[in-house]
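Okay everyone, thanks for making time. I'd like to walk you through a structure that's new to most of you, so let's get it up on the screen.

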Amino acid sequence: MPPVSCNVKILNHTPEPLALIYAAFRQCYHSGYIVDMWERLLSGAVSKEEQAEFVRKVIESGHTSPIEHVSFTFAAEGISRALSHQLVRHRIASYSQQSQRYVNASAFNYILPPAIAKNPEAKACFEKCMLDITKAYGELKELLEKDGRGDKAKEDARFVLPQATETRIVFTMNCRSLLNFFEHRCCLRAQWEIRHLAELMLEECKEVLPVVFQYAGAKCESLGYCPESEKFTCGRYPQKS
């Protein structure tokens, strides 16, 4: 049950994402039927540079709803249950998470917070706690199995598992939801673990669709000022006032 670190990868995304967003935007302003243009887009009759420039200008105007047609599916491991509880609060998304009810956690991995890792006394306390919980989980599981719970013993023994327990999850978000996710979770006020996940996700998204994600991130980066109140600002950018 060693400590583990975050790893996230794009499993899949909407095919031809730039062409699809371009087509959706054009349909809003085009009198014809976009299907008649689709094959030309895929054949390169309209260059990717031209598509990207058109999409960029429309996004800058504030019209962003057509980017919802493109979605990204991620797989993440090395994240804590504490992080996943924050992640699922982003509701315009789909999630498939590793189940503690069905997966044996007798030798669970865990996430070690950096502030604890750099404090020897705190680290020793934390690691002892993880060992104690591992022992308690195993004992409870064994006792419940002997009591006739069988495979269902795991669903009751899991109640002692900590928020530090590693989980794995697959999740899908559309581009507009991702921009909102990055605005909140790339902020320096976001909790360190989910901020790290967001930063890794953003780098992956930029590789696939730079015209949408080139300037994505914390709100202050696009606004040029901090939208938080004086009480909550991190001081990285001046406040609007």
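Here's a warm-up: which residue in β4 does Thr-73 stand opposite? Take a second to find it. Right, Thr-73 faces Thr-172 in β4. Before I go further, keep in mind that this is a predicted model.

So, the sheet. We have an open sheet of four strands, in the order β1-β2-β4-β3, and the pairing is antiparallel. The two edge positions belong to β1, residues 7–13, and β3, and since each has a single partner strand, one side of each is left without a neighbour in the sheet. On average, neighbouring strands are turned by 20 degrees against each other, if you ignore direction.

Let's look at how β4 is held on either side. Strand β2, residues 71–80, runs antiparallel to β4, residues 166–174, and eight bridges join them. Besides the threonine pair from the warm-up, Ala-76 has Ile-169 in β4 as its bridge partner. Then there's β3, residues 93–97, which pairs with β4 over five bridges, again in the antiparallel sense. On that side, Gln-97 stands opposite Ile-169. So Ile-169 turns up twice: it partners Ala-76, and it sits opposite Gln-97. One bit of background while we're here: in a regular strand, side chains alternate between the two faces of the sheet.

What lies across β2 and β4? That's helix α8, which runs at about 125 degrees to β4. Hold on to α8, we'll meet it again.

Next, a pair of helices. Packed helices are generally described by the angle between their axes and the distance between those axes. Here, the axes of α1, residues 17–29, and α2, residues 35–43, come within 10 Å and cross at roughly 145 degrees. The crossing is right-handed. If you click on the contact, you'll see Ala-19, Leu-20, Tyr-22, Ala-23 and Arg-26 from α1 meeting Met-37, Trp-38, Leu-41 and Leu-42 from α2. By class, that's eight nonpolar residues, no polar ones and one charged.

Now the pockets. How much space lies in the largest one? About 420 Å³. Fifteen is the number of residues lining this largest pocket, and the closest to its centre are Ile-59, Leu-179, Val-212, Tyr-215 and Ser-222. Three helices, α3 (48–60), α8 (175–185) and α10 (210–213), each supply at least two residues of that lining. It divides into seven nonpolar, four polar and four charged residues.

The second largest pocket has a volume of about 250 Å³. It's lined by 17 residues, with Glu-183, His-184, Cys-187, Arg-189 and Glu-228 closest to the centre. And here's α8 again: α8 and α11, residues 219–223, are the elements giving two or more residues to this lining. The classes come out as ten nonpolar, two polar and five charged.

Last stop, a loop. Where is Asn-109? Asn-109 is in the loop between β3 and α5, residues 114–117. Asn-109 is 19 residues from His-90 in sequence, and their C-alpha atoms are 25 Å apart. What does Asn-109 touch, leaving aside its neighbours within four places in sequence? It's in contact with Met-1, Pro-2 and Val-4, and also with Ala-164, Thr-165 and Glu-166.

That's my tour. Happy to rotate the view if anyone wants another look.

Definitions and conventions: Residues numbered from 1 in each chain as written. Predicted model: local features only at pLDDT ≥ 70, side-chain atom pairs only at ≥ 80, totals over all residues. Heavy atoms only, no water. 1 Å grid on protein atoms, 1.4 Å probe; cavity = no way out; pocket = protein on both sides within 12 Å on 5 of 7 lines; lining within 4 Å. Points joined across faces, edges and corners; volume = space filled by probe spheres on them. Nonpolar A, V, L, I, M, F, W, Y, C, P; charged D, E, K, R; others polar. Axes fitted to C-alpha atoms, helices over the stretch in contact; angles between N-to-C directions. Left-handed = near helix turned anticlockwise from the far one by under 90°. Contact = heavy atoms within 4.5 Å. Pairing = 2+ DSSP bridges.
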